[in-house]
Structures are given as structure tokens and as C-alpha cells.
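Hi,

Here is the structure I promised to pass on. Have a look at it first, and then read on for what turned up when I went through it.

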Amino acid sequence: MPDVRPDPRGPVDPAINSAGREGLTGTAPASLYAPGLEREQITIAPDFTAADAQPAWRQDFPIDWPQDLYVERRDFMKFLVLTSAAFTVGQLSIAVQNWYRKRNGQPAMQRIASVDDLAVGGAVVFTYPDEHEPCLLVRLTASEFVAFSQKCTHLSCAVIPRPAEGSFYCPCHEGRFDLRTGAPTAGPPRRPLTRVVLDVRGRDIYAVGIEERT
């Protein structure tokens, strides 16, 4: 005997005087609440025509529109969850490392800038390890960054980066330091600039320590 149950995807008739529903007072036949199809089982062809009108090759390539969109949304949510989890783990890792550094008397890690914030030859001023110590971050090449204290080792004047000359210039007494190493190259300074140790994580640049040199 053929299955005569109504299509669960069909429209619901709200009238109470339709054939087979005479005399009902707001109730509906039990068959109206027959189990529906799962979302993944609903199939609609890209051209929205009936299944019996589809070409034979559709049987071999049954991917349809609702399933395709459903997979995209599901994958997007997975991407958001995984990205959020990775960000959270990264922040917790930095917090744990900073706690360990403070416990051992080392300066805490500090984010300086994003790689995308600096063009080659560009510079960013920041303070590290505290707000009283101005420093300079310079991008030497697409993948090389250096950072030094901005205080000249002669009389603590603020040095200026001159990437075209490959040097840091001190305007107070015509002092110069090598842009890549911070070593003095001209003028009265005899000690190199204090170097800031860097760590590039993903697209972010962090200061992770101070290197005093003589």
C-alpha cells in the first residue's frame, strides 16, 4: 500500500473546514506532525527544478544548494571558534611568561606594533621596560627589525634614525651609531646604544628583554 502521508515540507493548512478536517476546533490531524527531514537531507537543485526533472549527471554529483550553504556556515563557525581559542591561548601564554619573567627579575614582554604598521625604513617610538625609557623600533628589511634605546650613550640626548645613511644621529654633539648594531661610528659616544631584544609572533612585534653592552 503506498504511503499517503502528506509531505512534511508542504504548507500547513490553518483552516478547520478543509476536507478531512470538518468539525475540528482548532486541532490538527496527527499526521500533520509527522517527523520532518533533517536539514542535511533537504535537497534543492541549483536551478530549483524538481528532482525528476534533473539530468542524469545530478545523481553522480548530488551536492545541492542548502547543503552547500550549510557547510559554509558550519565551517565559518569552526573558524571563528578556533581563531578565538588560538588568541586566548596566545594571551595566556604571554601572561604566564610575564609572570615568570617578573619572578626572575626580567622585564615583562610588551607588544610594540604590528608588522603591517611599519614600512621598510620606517620607525616607531615606544617605551620599554618602563614609561621613562624611550626606544626606537626600525624595520631594516621585509623580515628584519631592530630596536634600541633612544638615549644617546654620551649625554642621553634623543637619537634620530636615518635609514638612508644606515645610522642613528644624535643632534646634540654630532654623534652617530650604526643602524643595524647600535655601535658608535662618529662623534663623542664611546658605548653602543642599549639594545632591545625583539620577538616577532605572527604579525605582532614584542619587546622581550634589554641587552646592555659596553
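To start with the fold: what is the strand order in the open sheet of 4 strands, and is the pairing parallel or antiparallel? The order is 5-6-7-8, and the pairing is antiparallel. Do keep in mind throughout that this is a predicted model.

At the edges of that sheet stand strand 5 and strand 8 (184-186). Each has a single partner strand, so one side of each is left without a neighbour in the sheet. From one strand to the next, the twist averages 35°. If you want to look at the strand 7 to strand 8 contact, 2 bridges join these antiparallel strands, and R176 stands opposite A186 in strand 8.

Next, the aromatics. A search of the whole structure gives 1 aromatic pair. The rings belong to F148 and F168; their centres are 5.6 Å apart and their planes are at 75°, which is over the 60 degrees needed, so the pair is edge-to-face. F148 is in strand 4 (residues 145-149) and F168 in strand 6 (residues 167-170), so to speak a link between distant parts of the chain, 20 residues apart. Both rings come from buried residues: F148 has a relative accessible area of 1%, and F168 has 0%.

Now the cysteines. The count comes to 1 disulfide, formed by C157 and C172 with their sulfur atoms 2.1 Å apart. The torsion about the S-S bond is about -105°, so this disulfide is left-handed. C157 lies in the loop between strand 4 and strand 5 (160-162), while C172 lies in the loop between strand 6 and strand 7 (175-178), so the bond ties together parts that are 15 residues apart in sequence. C157 is buried at 17% relative accessible area, whereas C172 counts as partly exposed at 40%.

Why is there no bond between C152 and C170? The sulfur of C152 has its closest cysteine sulfur in C170, but the distance is 3.8 Å, and that is too far for a bond because a disulfide needs the sulfur atoms within 2.5 Å. C152 is buried, with a relative accessible area of 3%. Another buried cysteine is C135, at 2%.

Last, the charges. The structure holds 7 salt bridges, and here are some of them:

- K151 and E133 meet through their side chains at 3.6 Å, N to O. K151 lies in the loop between strand 4 and strand 5, and E133 in the loop between strand 2 (123-127) and strand 3 (134-139), so the pair ties together parts 18 residues apart in sequence. K151 is partly exposed at 29%, and E133 counts as partly exposed at 27%.
- R195 pairs with E211, the closest N and O atoms being 2.9 Å apart. R195 is in strand 9 (residues 195-201) and E211 in strand 10 (residues 204-211), so this bridge ties together parts 16 residues apart in sequence. R195 counts as partly exposed at 31%, and E211 also has 31%.
- E165 forms a salt bridge with R162, with 3.6 Å between the closest N and O atoms. E165 is partly exposed at 49%, and R162 is partly exposed at 29%.

R162 is worth a second look on screen: besides the salt bridge with E165, its charged end sits over the ring of Y169, 3.9 Å from the ring centre.

Cheers

Technical notes. Residues are numbered from 1 along each chain as its sequence is written. This is a predicted model: local features need pLDDT of at least 70, side-chain atom pairs count only at pLDDT 80 or more; totals for chains, interfaces and linings use all residues. Side-chain values use heavy atoms; hydrogens and water are left out. Rings of Phe, Tyr and Trp (its six-membered ring) pair if their centres lie within 6.5 Å; planes under 30 degrees apart count as stacked, over 60 as edge-to-face and the rest as tilted. Buried means under 20% relative accessible area, exposed over 50%, partly exposed in between (1.4 Å probe, protein chains only). A charge sits over a ring if NZ of Lys or CZ of Arg is within 6 Å of the ring centre and within 35 degrees of the ring normal. Two strands pair if DSSP finds at least two bridges between them. Axes are lines fitted to C-alpha atoms, for helices over the stretch in contact, and angles run from 0 to 180 degrees between N-to-C directions. A salt bridge is a side-chain nitrogen of Lys or Arg within 4 Å of a carboxyl oxygen of Asp or Glu.
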